[in-house]
Amino acid sequence: MALTLLSHEVSDLCIGKPPLRCLSVVTATVADAIAALKSSDEPYLTVWSCNHDEKTEDNDKCECLGKICMADVICYLSKFDNNVLSLSSAFDESVSVLLPKSRSLVVHVQSSCNLIEAIDLIIKGAQNLIVPIQTKSITKRRQQQKLLTRNVVVSLTNTTSTTHKNSRQFCWITQEDIIRFLLDSISVFSPLPSLSISDLGVINSTHTILAVDYYSSAASAVSAISRAILDNVSVAVVDKGCDQEDPCMALIGEISPMTLACCDETAVAAVATLSAGDLMSYIDGSGPPESLVGVVRNRLEDKGMVGLISLIDSLSLSSGSSSDEESPAGRTRMTSSYGRSVSSAARMARKSVAIVCNRKSSLMAVMIQAIAHRVSYVWVIDEDGCLIGMVTFVDILKLFREFLDGEN
């Protein structure tokens, strides 16, 4: 059965995948990225080396340089001085400033790439594998007709496209996709699924450094949030207590990049003024409490943060002018820091409540728990609620990879 599993190609995981929406690093600015993210049902957009607004030469390569979400925007804007001129110039910068400088989180693969190669790429640090969408020749004429319509839409938005030269389209495979696929053949890895995560030694303690105290400023967590985006995890919000000799860090909740990804750029004001604990409540999936919205505004005025005040006022005016427009059927448009039109799937389980397990939890239970909550990790706590570490999809894939090596 292991040989059968390994014979699968990534194209088997691409069935039904929608084409990626793309921004061009040549033309797109930070402002373009924000507008595109707000109009998208998905939390992420990809950034490409090619220019979709001009005809490219045949030898020009279309390469995905990375992915961005609103959390990247919020972390980026948090670094600027809070004056109108400085913050305004930040929106005119190239979208490339939002991409990680240390390493690429996306890797191109052919549709014939086998599953074991895909797992190896994920273990080495890739979060997404970019795969060309295979199309049948009989549908080319229909696709060309769709392309004409699509190009009209692109010319109106002037930001994103789903089609590259030669009418090529791409989708991507995520860590979750691979874990779901393996879960369908979980018996291949017996007896691992029934063993505890402690016995398997799969608890990862390195990510516990991505923790901030509940009472510390949210601004102090920005670097940790940026690191969490790179590692595809979250920042733990903990209570370190008053006893200096007690190493226990009680896990209170988390600041998830995916939760921030469902906000709009005004969340940077909350980051600049609130504590880490209050930020959890502010970005919670149900929307910011009115009391905290007022607190943020008052503190901005007290600190003279005119740049952020101007940003909030300008967005309030624009949202107010469109408030009379009829929203799409079946969708409730969120306000304040949730001015984005994100899908219900993207908002699903994007709460500040951390998903937790204990040392004795079975590997199978942890996998199902993570998939059910649409996260790539589960926090591990002890009987007293103290943070021990976490189990990530990458840790699980490493375990399965070692198992398969032993079977060969």
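Asp313 has a relative accessibility of 32%, so Asp313 counts as partly exposed (buried is under 20% relative accessible area, exposed over 50%, and partly exposed in between, using a 1.4 Å probe and protein chains only). You're looking at a predicted model, where local features need pLDDT of at least 70 and side-chain atom pairs count only at pLDDT 80 or more, while totals for chains, interfaces and linings use all residues. Residues are numbered from 1 along each chain as its sequence is written, and side-chain values use heavy atoms, leaving out hydrogens and water.

**Exercise 1.** Find the partner of Asp313 in a salt bridge, then follow that partner to Glu301.

*Solution.*
- Step one: Asp313 pairs with Arg297, with the closest N and O atoms 2.7 Å apart. A salt bridge here is a side-chain nitrogen of Lys or Arg within 4 Å of a carboxyl oxygen of Asp or Glu.
- Step two: place them. Arg297 sits in helix α13 and Asp313 in helix α14 (residues 306-321), so the pair ties together parts 16 residues apart in sequence. Helices are DSSP runs of H or I with at least four residues, strands are runs of E with at least two, and both are numbered from the N terminus.
- Step three: Arg297 also forms a salt bridge with Glu301, at 3.2 Å between the closest N and O atoms. Both lie in α13 (residues 290-302), four residues apart, or about one turn of the helix.
- Step four: check accessibility. Arg297 is partly exposed at 28%, and Glu301 is partly exposed at 44%.

**Exercise 2.** Which parts of the chain does the salt bridge between Asp177 and Lys17 tie together?

*Solution.*
- Step one: the two side chains meet at 2.5 Å, N to O.
- Step two: Asp177 lies in helix α7 (residues 175-183) and Lys17 in the loop between α1 (2-6) and β1 (22-24), so the bridge joins parts 160 residues apart in sequence.
- Step three: Asp177 counts as buried at 18%, while Lys17 is partly exposed at 22%.
- Step four: for the wider view, the count is nine salt bridges, and Asp120, Arg401 and Asp405 are linked in a network of them.

**Exercise 3.** Describe how α2 and α3 cross, and what kinds of residues make the contact.

*Solution.*
- Step one: the axes of α2 (residues 30-38) and α3 (residues 70-77) come within 10 Å and cross at roughly 145°. Axes are lines fitted to C-alpha atoms over the stretch in contact, with angles from 0 to 180 degrees between N-to-C directions.
- Step two: α2 brings Val30, Ile34, Leu37 and Lys38, and α3 brings Met70, Val73 and Tyr76; contact means heavy atoms within 4.5 Å.
- Step three: these residues split into six nonpolar, no polar and one charged.

Methods: Ala, Val, Leu, Ile, Met, Phe, Trp, Tyr, Cys and Pro count as nonpolar, Asp, Glu, Lys and Arg as charged, and the others, Gly among them, as polar.
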